[in-house]
Amino acid sequence: MTDSLLSGPEPDPAGDAGHTGAPPRVGFFTDTSVCIGCKACEVACKEWNALPEDGLTLTGMSYDNTAGLGASTWRHVAFIEQSTPHPPVPAPEGRTVLPLAGDADQSAGGDLRWLMSSDVCKHCTHAACLDVCPTGSLFRTEFGTVVVQEDICNGCGYCVPACPYGVIEQRPSDGRAFKCTLCYDRLGAGQEPACAKACPTESIQFGPLDELRERAALRVDQLHAAGVDRARLYGHDPADGVGGDGAFFLLLDEPEVYGLPPDPQVTTRDLPAMWKHAGAAALSLVGGFTLSFALPAVLRGRGRR
Amino acid sequence: MTRPDRPGDRRARRSRKGEELMVPRAEFESYYGRPIIKAPSWSARDIAGYFFLGGLAGAGSVLAAGAQLTGRTTLATGMKVSSLAAVSLSTAALVHDLGRPARFGNMLRVIKPTSPMSVGSWLLSGYGPAAGVAAVCAIGGRLPRAGAAATAAAGALGPAVATYTAVLAADTAVPAWHGAHRELPYLFAASATAAASGMALVLAPPGETAPVRCAAVLAAAADAAATRAAKRRLGMVAETYREGRAGRLLHGAELLLGAGAVTAALAARRSRAAAVAAGLALLAGSACTRFGVFAAGIASAEDPAYTVVPQRATKEPSGGPGPGPDPATARPDGRETPQSTD
């Protein structure tokens, strides 16, 4: 347990977890600027992973009736309606824009815009859920992703409040914790995850993380050049509070607008300090009782004299 | 979608003693007001109850060891039995709270220093049997040497059992817990001492409780000081310690601990009834502290403001803009911005 493995940049999480000869770390780059809110990712994820139904209610939150990530929702498309004049978002390089999509009414901007974003487990470099799991059920795969072993999880629920993104959750009907596995089974067979496979606009891109980061940097530069000033990458930086995310995003507004924390931290970063304080507190408890036993004896002794 | 900070005005009105919040609530944006992190699904009865019982057991074992060393046999036996009962109930509560109680054995599948729950499981698996042997030997009056060794072992592990639960709570993304990760262990140590002192005042004759009365006063003072320090550290998140269920519980804890300590110091030597009353007040006060801290954590997890506003403050210490060139503070574009209503 060294500090370098608890927080800060960590180039090879799979290697540090004991995998030798691991394949390159993979992840998702979700470019929300091309998301059309079709929810194919949600459906593909549900189907491939055989996730149970978890609510068929209308939330009143725009077209979002999924509400958020959870035990049985591993991809979640957020819909945000904004009345903001905004510059048009250009299509990615090399993409043909069909006449309908290039319609003047839609591309010229206007007073309304819809932000749509497909959220997913971030597969953090420093994953708090994995750190705090007492059974070893959560583990780091050879692909650098974070997966729950359902045959081990005993439903202690510690990972749930540990996650700075509010991703992992216990399924009420089952008791155990569930989250996105980045389709560990498909990765093992050389396939891309179901959500990325199903995404019709390549908003969800899967691949080696280094490659995705390069691609994302180009795309955000392209957007800035086109005047989309508020475009920014989220979770791409290995120096951030979780050591960078395995699944990172291009957002068109502040992270909290999408329900993402603006500056997430892996809490185990502070664990050495917490253990020190707990040790000092334990000693002060002993000290308090020692004093309590000594003081009356001393006072009584004085009284006799 | 941005939305006005609805709970803000309610909160200002509900603040205790009708005082106005001195600092206006910072503006923040959220996704339809939904929480960002997920609150633990732990039940308050099981987990806050465990925080209390674990403290009672752990600190009680230290008190029992001290009483044994100084020849206070009734006190020593009483605290050993109380610690065994408390740690047994604790274990039951912890197993009951699991999503898969039948798999409680998996807690000892690995040893993980990065998981306070793993550390705690191993700690309890060492402490529990020691507390058990100490209590059984004290009641049966047999195997005095084994009893003494077990008393010493339980006394040595007790302080860790009483304080590690603070790390357990603080090592989460829950703002009211993690933000106070430096202070919570001291608060839990104080609260545990109060509980054990309370139990001792109930169980032991006044002739043996001079150290206990002293410990009760120290514990009440330390509890108040640690709570104050935690609130100061937490800044705007400290609202969760002052308002709602948590606010009522922590206020109650302050009153009960204060009354218990004063009664213990002034009247418990002469009157057995006063000692029992003081002891019960201290026990109740300790429980209120644990349930209050637990409730504050849940409240802080359920409101995105407590996640977003402090993270914004650390990310932009000068209050300047984020990564985008458009300052978050000024929105000339006339978009729907959240209104601080207090």
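Let me begin with burial: a residue counts as buried if 20 or more other C-beta atoms lie within 10 Å of its own, exposed if 12 or fewer, and partly exposed in between, with C-beta atoms placed from the backbone. What we have here is a predicted model, in which local features need pLDDT of at least 70 and side-chain atom pairs count only at pLDDT 80 or more, while totals for chains, interfaces and linings use all residues. Residues are numbered from 1 along each chain as its sequence is written, and chains are lettered from A and ligands numbered from 1 in the order in which they are written.

In helix 3 of chain A, residues 40–48 (helices, H or I of at least four residues, and strands, E of at least two, are DSSP runs numbered from the N terminus), the buried residues are Ala40(A), Cys41(A), Ala44(A), Cys45(A) and Lys46(A). Among the elements that cover them are strand 2 (75–82) and helix 8 (194–198) of chain A, and just after helix 3 Ala50(A) takes a positive phi of about 50°.

Chain A is divided into domain 1 (7–265) and domain 2 (266–305), with bounds from an automatic or database domain assignment. Their C-alpha centres lie 47 Å apart, and yet 11 residues of domain 1 are in contact (C-beta atoms, placed from the backbone, within 7 Å) with 4 residues of domain 2. On the domain 1 side, helix 5 (residues 128–132) gives the largest share, 3 residues.

Finally, the largest nonpolar core, a set of buried Ala, Val, Leu, Ile, Met, Phe, Trp, Tyr and Cys residues joined through C-beta atoms within 7 Å, has 199 residues. Both domains of chain A give residues to this core, so it lies between them.
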